[in-house]
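Dear colleague,

Please find below the structure that I am handing over to you. My notes on its interior follow directly after it.

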Amino acid sequence: MSAFKVEPILRSLHAKFGPMVTLRIGTRTAIFVADRTLAHEALIQSSAVYADRPPAGATRRIISSNLQVINSSSYGPTWRLLRRNLTAEILHPSRVKSYTHARNWVLQILQNRFESQAKAGSPICGMEHFQHAMFCLLVLMCFGDKLDEDQIKRIKEVQRQMIVNFSKFNILNFWPRVTKILLRNRWKELFFLRKCQDDVLIPLIRARKMAKEERVNKSKEDKKDYEDEYVLSYVDTLLDLELSEEKRKLKEEEMWKAVDGDDVDLSEKEEFTVVMKNPLQAQVCPRLK
């Protein structure tokens, strides 16, 4: 069901049954709260009780490196460690200065795309170019290197394919042992898409690991000029991270590698947010000096 149809249905249910409604969605129970007092009581006063995520299905485990990433890890020591690492090492205000070169690089990419399309006399869809620029920035923050256009396109494409196709894989979570027989081709497609992600991203992690080791081995004099261009990446922080419960560092395959999976017009459209289906386009021309 489209997300556009869910909200009016929930509104009517709340009007009929009250501020808390429980629905059975597939094999899971979902509770919808439409009262801020109840929401505050559940999410703030009893936050530790309701902080965890629902149990992950087989497909979610496959695409999330067996729940070893911050947006899918269960609430507990591992999630707290990943969150502390992300907020302290990457998103902390003290790190803003280190991304100066990154921001300038991304700004130049955006400017070049605008100028190229303007010279061709074509209308410009600003949203598309801004999304591309932000994606370039996120890739640099993750891997620390200014990748070329082809590499960025490959990463974007494999991520897009997984996001676009993920909803059709949800059915595989119902009785995985049975669906592996009845829906074998769909399982094969899921593993193929996951392998495509591995083929693109694992080499970047390995390259960053090698570069980090080389940098550590350099003398301070040799590093001086290099430090000006150096950007601490999310991969760098994960390479140094130690799992508190197991007293060991994350393995390379745990940072991304998939698990085996044996247990596993102006109308609107849906993306990560709601956007115009056919957005307005602008005609851009250079400013007169």
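The paragraphs below describe the nonpolar cores, and then one helix and one residue.

Please bear in mind that this is a predicted model. Its largest nonpolar core has 32 residues, and W105, F143 and I155 are those with the most contacts inside it. At least two residues of this core come from each of α5 (77–89), α6 (100–119), α7 (126–143), α8 (149–169), α10 (184–217) and α12 (234–240). Helix α7 supplies the largest share, seven residues.

Beyond four places in sequence, W105 touches C136, L140, K146, L147 and I152. Apart from this core lies another one, of 10 residues, including M162, F166, L190 and L193.

Helix α7 has 18 residues and reaches 26 Å from its first C-alpha to its last, close to the expected 26 Å. Its buried residues are H129, H132, A133, C136, L137, V139, L140, M141 and F143. After α7 comes G144, with a positive phi near 80°.

F143 itself belongs to α7. Is F143 buried or exposed? F143 counts as buried because its relative accessible area is 9%, and the cut-off for buried is under 20%. Leaving aside neighbours within four places in sequence, F143 is in contact with L201, L204, I205, R208, S233 and V235. F143 and A207 are 64 residues apart in sequence, yet their C-alpha atoms are 9.2 Å apart in space.

With kind regards

Conventions:
Residues are numbered from 1 along each chain as its sequence is written. This is a predicted model: local features need pLDDT of at least 70, side-chain atom pairs count only at pLDDT 80 or more; totals for chains, interfaces and linings use all residues. Side-chain values use heavy atoms; hydrogens and water are left out. A nonpolar core is a set of buried Ala, Val, Leu, Ile, Met, Phe, Trp, Tyr and Cys residues joined through side-chain atoms within 4.5 Å. Buried means under 20% relative accessible area, exposed over 50%, partly exposed in between (1.4 Å probe, protein chains only). Helices (H or I, at least four residues) and strands (E, at least two) are DSSP runs, numbered from the N terminus. Contact means heavy atoms within 4.5 Å. The expected span of a helix is 1.5 Å times one less than its number of residues.
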